[in-house]
Structures are given as structure tokens and as C-alpha cells.
Amino acid sequence: MSCPYHTLPASSFWRQAVADRTTSDLDPHLPSGLQFGPEQRIASAGSCFAQHISRALKERGFNYYVTETAPSYVTPEQEERFGYGVFSARYGNIYTTLQLLQLMQRAFGGFQPADQFWTDGDGRVFDLLRPRITPKGFASSFEAEADLKQHLKAVRQLIETTDVFIFTLGLTECWVSKLDGTVYPTCPGCGSAGEFDETKYAFHNLSVTETTGYLAEAINLMTAANPRLQIILTVSPVPLAATMEPRHVLQATTYSKSVLRVAAEEMVRRYANVHYFASYEVITNPKNAGAFFAEDARSVTPEGVARAMQLFFAHFTGASADAAVPSARVPKRPAAPVEDPKIVCDEDEFYRALAASRPK
Amino acid sequence: MAVGSMIRTATQRLKGGVNQALGALGYQLVRTETLGGLSGFFEPAPPSAAGVESRPAAVQPRRLTLLPAANAAPAMCTAHAPKFDPQKTPSQLADKIVEFQQNGVTVISTNPEKAATFRETESFDRDVSNRHSAWDWAGNSVAPYTKDLQTGIPSAALLDYLHGLFSGGDFDSFFRGVLGCPAQVANVRLVRSLPHETAGVGPQEWHSDGCPAGVIRGVLYLCDVDTQTGPFQYRDAGGKEHTVLGKTGDLLVFDATRLMHRGSPPSHKTRSAIDLVFMPRMPGEDMKIMVVGMNHWPADPFFVKLPKERAADQEAVAGRATSLY
Amino acid sequence: MDTEFETVLPVYIVGDSHSLPYKNMVFREKWTGAFVMAHTKYIPGITAKDFYNPATGEFHPDFIAFLEYEGLVRNGRATHLSMDEVDFSIAKAVGQAVRPPLIMLTIGEIDVRGPIMQLLKDSHDFVPPFPTTLPVLDKPLVPWDLIDEAIEARLRPFAAGLEHLVRAGFKRVYVQSIVPPSRQEARVKELQSYECPVTVRTKLVQAYNWKLGAKVRSLNLVMVDRWNDLTADGLLRPEFDFDGVHVPPKGARLLLEGLIDDAIDSRGLVANHPRYELYYQMACGLNPFQAAKSNAT
């Protein structure tokens, strides 16, 4: 019998699949078992990086499915400011698998957070689970609660009627309510809505078991609501901006991304309707040597985003992946971070506000 | 067009004539630029100006903007008061003058026993009747516009007290400080505000008064005023709201044009107060206390002289002080 | 001739087609028995947004034309005691009005029915920041802040125009609140080519009036509002629905009576300001007649 490795394709061998490849033709994917076209409804959720996917889908004429639509006669600037079309519904960024699970539990009736709304000094009411969805908060508790009801209805409709749901896993570190375990997208009172109170909120870093378990539960809920649903998981390649763990942020990033990558892998193994897209590998592989990161070694460059999207469409829609990303051949690191200003990122806002509030 | 032109000419001649007649009597009642304009009317106009005047109106494009009114209220009512220097002009109320000049409002304590007495003895027996039987405000009152406010005719005793109070050296120097001239009282109004839950109307709504130059306002509390008694509120230049609580006898003096203000609607307790209007007094004239009623304003500051024979007038109003009401 | 003519109180009503129900309206008001007569001007299509241009300080040409036609403005200046006279007596002797005229603007309904209502149509509802008896429908909600921005965009130039009018001496300007919208859904669809439930339309008008009232009050002016008289159960009473858009003359009469109720309480801040200034200066020991000369030296 010959060695089983002899039967493997080139993609299984580092030299052929990576070392001999150029940055622009390195493709860490095998052919996907899922294909969709313009007629399928594609929904998405996840961390900041997930917004690149939703925008790319819209730009390429795919049916980016939005169930919580903006009213007519608002400007694109207003749409964006009020969180319309950033994702398929106005849930804002979903960073952790527990956050996704709780969204599904809230939408399908199983969970009602005890501490969700916060009123500022001007009487404006904020939804702590999507703190930036209305820039100045809601005008009243009544409006906040009525809007939430419609939002959850839109989430239900989304899950029940979409064909594909793309979820980008972002973080394992999170802040939870000590009352009932509600998980918040950001730490309440740190640069966004809310008021930090250590008797009410606790830091938690999800373990691999928790991350995997919560994700599996969320998938079960979604699939129960829509048995035809196909799910694509990706892991955000963006490193942590900061960690609450008492260790180096680089270690914390490695932990977080490893756990998320394992959770995604576990779901692909477990469920036939779950697929993986390797955005993490496209951006972070050693062949690139950080070429797709900007000078801050965290922000993904437009070229990196373009390459990831190119491969995404190549594998899931059959679009050509041959065309190299033209700008990938230009200098590896741009002089300054080129960050798309249209990405709505609670996490970045949080750290910007944190930096601004630090005593000089 | 010809008829209109004739009317305009006649109007101008009448105006000019009236002013010339007043001038001949030694009055200076017309501003210099007006006088210049009117004098020019009786002289031949320069040819170029005549040319402009005679141009047909239809040729000129319509002006779509409006010029500011020449008789607009001043932005603040104490423009001619020099900046007060307490070192140069010592005064018992120096800090109050400085406070008024800075903020447009100050509170001065007066005799609380007297104020408490007037609260009991004054008759708040009339409605605030802004609806009158004639549109020029000369008619009898027809109906009140709110049941939550009551007024009355101030008694002779109250007017005498106010006369004595404001003639005193402290207040004389206070008014000279805030106005730049001595003051007199242009109106005294009793106001009783009853507690109510509905939104305030009239003086209980946010407003500014558009008082003429030199005219400032006062409110003398006849009772302690806390948050439930409908305290005076004003907004400063930055729009921040301030509430002025007070004790019986506190006199609040404020620039009602400079400050948006209101007597907030009392929620639980009745507020009794005397509403005062202060206006400049010519040097050499005596302090006067005028009472012109709830809804009236002295129409012309030159015409508010009281008859000299005060005693006879007092008789005429059955023991009350002189009133224009 | 010694015939004494009864005086008539004119009220100048100008704006969009909601000025039309006041046309030729004459009645005796209840307080003094005086005749009130509406002088109306319909400016087709005028909206709150194009009533006044804050950038140029110019009003809608038809509005200025109306003021000039009625003799309220001459050469860009208000004619009531705005001129050179410093004496009420002289003004009265020449028959000049000393008090600002009563003017009511009927502007804004087109703004509500047009661009603002487009946000909602029949697809959305909203929750206003004030109490209302009207329900929230089971529809996606437009955030109040977006409605607020849409109303604000239309109201801002209008409020700037009101402020300019006040500066020009028109201190008795009233603004008619937008009247409650029709219950006739079919008629409304026919008029505006899209549907919007009556509760949503009514709530939107309430919201517009809520903001309009606040702006008008901040200028010491008054919004004429008879909402409670015109509605039953929160919606327009059918007897006040003239044609699916306007109130009938009897509704307009109610509103005009509301204006009169307020106007009789208000002197329009009448004071002879130049003359007070003169007096104040003299009291301060200044010589107002030599001011120009002393400045020149």
C-alpha cells in the first residue's frame, strides 16, 4: 500500500499550496459545497469585519436580504447613522456566539433581559444591546420598547425566510449582566451608552466549550425556525483592540481567534448546513507577512478586504478568482492605516472614547 | 396714483406741520434724523433725489426682504447705565447692582413683616381681565382669560409704603446704578397665583416682555416662595434655566426684555406678590408711584406726569393714591 | 357728514390653500361685538421650506406682494408705527396704525403631506415623544429622531422667517396649526397617490404641530390650535372634513375665533420705543439731540 499522503491534492501541502504561491494567488479554500446566486436571499451578522461581506454582496448585485428596512426618503447618510442596511436587521455588531444565541432566544421568545435599557441625563433611552442603533438614543422608553418589538419581529422574519446566513465570529471577551447573564456588545458605560457598575456587570472570556456550545445552540434555533437555512461561518481576522485579561493583548488575541476558529470548525463538522469561509486565513497567512494589515497591524487594508471578498464570491458563487487584486502588488504596508470610514464598529468607538477620556 | 400721491403729500405736510408747531412751542419731540427729513420736505429737493423719487415704482424690482422695525424694543433695557464700580460709588446694594449688570436679575431683601401684612390686607378681588369691551383697551373688562390669576387695586397704604421704600437712599443708589438715572414706579399690580395642574398661560408661559428702554421689572414676594409656590424662573444667555426661590419681602428686580422668564405655575401653594414696573425719572423730579391697571402700559413716557394737586385727586378716588386706572 | 362708521378688525390670513376657507369671512367676535374681517391670500404651493430663504433674508415674493397690497409694508418696512414718528399722537393724527396687524400664516400642511409623510406611507409607524391617544400600529417604526429631522428641515427656514417678521415689527403674527387630516382613506390615496393610515397621518400632524408650537412660542408668537374642537376620539370629526384636505368655513371660523381669543389678551407689545429711548437718555443726563454731533467730533 502506498502512503495515503500520495493521494492528497496540492492544496494539502504547504510548499505547493503556500510557499510556491504568490500573495495574490494564494487561495486557502477547497471548492465549496454551497453555491448561491442572485436569486437567493443572503443575510449576515457579526463583528465589524462582517460589514465588508454585506457591502460586497450589495455591490455585486446579490440579493442582500434586509428585513428591517429603512423608510423611503431618507438619505444614505441617515440610513447608515440609524443602522439600516449595515446588517440584515438593526442588531448592530454581534461579537460573541453568546450574543448571537441570546438574540435568537429573544427573537423566538425564550429570553427577556433584565437590564436592557438605560436612560441618560437628557431622558434619552438607549438599548444597551445595540447601543449605537440610534445615535442620540430613543425619545422615550415607550419608543425604545416598541422599536425593540419590531426589531425582534424583523429578526424572526429574517431567520425564517433567508436562504443563507453568514455569521462572522469576532470575540470571546465580553461583558455580562450579573442579574441574568445578558451579554452586551461592549462594556456598558465605556465610551458608549450605559453607566459602568461593577455590581451589575462582569467581565467574562468565553471558553472553547462555551463558545462552541452557544454557537451550536444558536444554529439549532435558527435551523429549527428555517430547516432550509444554509449557514456560512467566518472568523474575523481583526486582532483585539484591548483585552481585560491580565496578559499581553497578543496572547489574548491568539486565544480568542483560536477558540473562534475551533468553534467554526466544530460546527462545520457537526452540521451539514454549516460552511466555513477562510477570511481569517486569507488575511493572516504567513505568506502575506502582514501585507493585508495596515500600519497599526490591526486594520485590514482595502486590498485585503478585496482579496477576501474575491475568494468568497469565487467559492460560493462561481465568480472568477483568477483576477489578481491589483493593489495587492503595491507596497506591502500603506503609510497610514486605510480604514473604511463606513464600517460601524462599536469596539473601535469604545476604545476611541476610552483614549479620549484618559487623564493626560 | 394721482389721488394716492395727493394723500401722501397731505400726510407729510400734516406731519411736518404738527412737528413744526411742537417745535415752536419749545418741544423737542422728534429725533434729529426725522426732523432733518421733515425739514427737507419743506425745502426743494435736490434734482438727483427728485429724479429717483419720480421713477415709476413698477421699474424697481420688488424688495423681498423686510427692514428691521424702527420702534423695536432694545435688546437690554439698561443700556445707558455706566459699568458700576463699587469702589467709586459705594452703596449698600453695590453687590446687587453688580449682580444685576452681570445677570440681568438680582434679589433684594425688604421688610418681611410689612410684606406679610400686605399679603393679608390687600384685596385680590379682581380677575386678570385682559378681555375688554373695546380693542383699544379702553373699554370695561369683559372676561378673565384665566381663573388662576387674581389681581386687585393696591391700597393707599401699600403705595405709601412703596413710595417710602423706593425713595430711600439705598434704592435710589440702586436704581442709579442699574439704570444710570433715578427711577419711578410706572405700575403697581397685585398678583395672586392660585395652584393649578394645567399648563400656565400668560405670565406663566416662557416669554420676554419687549420693555422699552429704561424700563425694568420687579416682583415683591408677599409670601415665602418654594418650588411648589410657582417661583420665578429665567433662562440665562446660554439658555440654562434658573429658579429664584425667595422669602417673604424679597424683591426680585430683572430685565424682562433681556431674559426669557416666567412665573412658573404654582403646583400646590398660592403665591402672592406685587408686580412692579420701574422706569426712569428725570433728575429733579420727585419719586412717583403710578397705578395704571393690570393690562395697561404708560403709552408715552412724557405724558405720565401726575396732577400736582395730589390731595384733591386722592379725594376723588376715595382715599386711594393717585391712579390712572 | 357725521355718520359714524363701525370699525372692522382686519385679520390678514395668508398661506397655502388652507387660507381659502377664510375667504370673505366676516363675523362679530364675542368679546366686544366688533366685526372681524378676514383678508385672505392664497399662495399656491407655498411650503414652510420656501416661505423664507435664510441665506438671502428674502420672503416668498407672493407673501411680500400681499403685505404690500394690504398696505402693511411699504418700501420694505412695516407701516405700523415703524417709521420716523416718535409720537403716538402724530401717528394717530395721520391715521397710521400704531399696533402690529393681526396676521395668520397657513403654511406647512404641504410639507407634512409631502416629504415628511413619505417617510411613513403605509409601511411604517412611529412613536412621538409626547402623549397621544392614537395607537402604535404593528408596523416597522421610523425612529422619532428621523421624523424630527425631517420636520426640522422644513420648519427651520419657516421659523427663521417668523423671526425676521418679528424683527420687522410684526409682533402679532399667528401660525395656524395644521388641521387634523381626513379620515377618508380613499380620498387621501386619490390625492397623494399613496396610502397612509389615518392614525399615522394624524399622529404626524400632531408631531408637526408639537414642534411648530414650540418654535412659535420661542419667538413670543402664538400657534392657533383648536385640535380638541376639531377632533373626536383623536381623529378629525367628519363635519370638519370639507374635501379630504381642508376644514370647511365653520372650522376656519373656530380657528379664527381662537386667534381672536388670544389677540384680545395681547397688546402686541405696543410701546413707543423711540420715545422711551429719548426719555431714558434725557433722564440719564444725555442730550439725544446732539448725539450725532458729539460722535462726529
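Colleague: What makes S9(C) and strand S10 (residues 222-224) of chain C a pair?

Modeller: Two strands pair if DSSP finds at least two bridges between them, and S9(C) is joined to S10(C) by three, so the criterion is met. The two strands run parallel, and Val175(C) has Met223(C) as its bridge partner in S10(C). This is a predicted model, in which local features need pLDDT of at least 70, side-chain atom pairs count only at pLDDT 80 or more, totals for chains, interfaces and linings use all residues, and side-chain values use heavy atoms, with hydrogens and water left out. Residues are numbered from 1 along each chain as its sequence is written, while chains are lettered from A and ligands numbered from 1 in the order in which they are written.

Colleague: Which strand pairs with S9(C) in the parallel sense over three bridges, apart from S10(C)?

Modeller: Strand S8 (residues 102-106) of chain C does. Within that pairing, Met104(C) is bridged to Tyr174(C) of S9(C).

Colleague: Why are both faces of strand S9 (residues 173-176) of chain C called covered?

Modeller: Val173(C) and Val175(C) on one side, and Tyr174(C) and Gln176(C) on the other, are all buried. Buried means under 20% relative accessible area, against over 50% for exposed and partly exposed in between (1.4 Å probe, protein chains only).

Colleague: What is the sense of the pairing of S3(C) with strand S1 (residues 8-15) of chain C, and with strand S2 (residues 26-28) of chain C?

Modeller: S1(C) and strand S3 (residues 35-42) of chain C run parallel, with eight bridges; Tyr12(C) stands opposite His39(C). S2(C) and S3(C) run antiparallel over three bridges, one pair being Arg28(C) and Phe35(C). S2(C) and S3(C) form a hairpin with six residues between them, and Gly33(C) in the turn has a positive phi of about 80°.

Colleague: How do you know which strands are at the edges of the open sheet S9-S8-S11 in chain B?

Modeller: Strand S9 (241-244) and strand S11 (260-263) of chain B each pair on one side only. Strand S8 (residues 232-235) of chain B is joined to S9(B) by four antiparallel bridges, and Gln233(B) has Thr243(B) as its partner.

Colleague: Why are H3(C) and H4(C) described as oblique?

Modeller: Helices are DSSP runs of H or I with at least four residues, and strands are runs of E with at least two, numbered from the N terminus. The axes of H3(C) (residues 109-116) and H4(C) (residues 144-167) come within 11 Å and cross at roughly 140°. Angles run from 0 to 180 degrees between N-to-C directions, with axes fitted to C-alpha atoms, for helices over the stretch in contact. Under 35 degrees counts as roughly parallel, over 145 as roughly antiparallel, 65 to 115 as roughly perpendicular and the rest as oblique; H3(C) and H4(C) are therefore oblique.

Colleague: What is the relation between H6(A) and H7(A)?

Modeller: Helix H6 (residues 208-225) of chain A and helix H7 (residues 249-270) of chain A cross at roughly 40°, their axes coming within 9 Å, which makes H6(A) oblique to H7(A). The crossing is right-handed, meaning that the near helix is turned clockwise from the far one by less than a right angle, as opposed to anticlockwise for left-handed.
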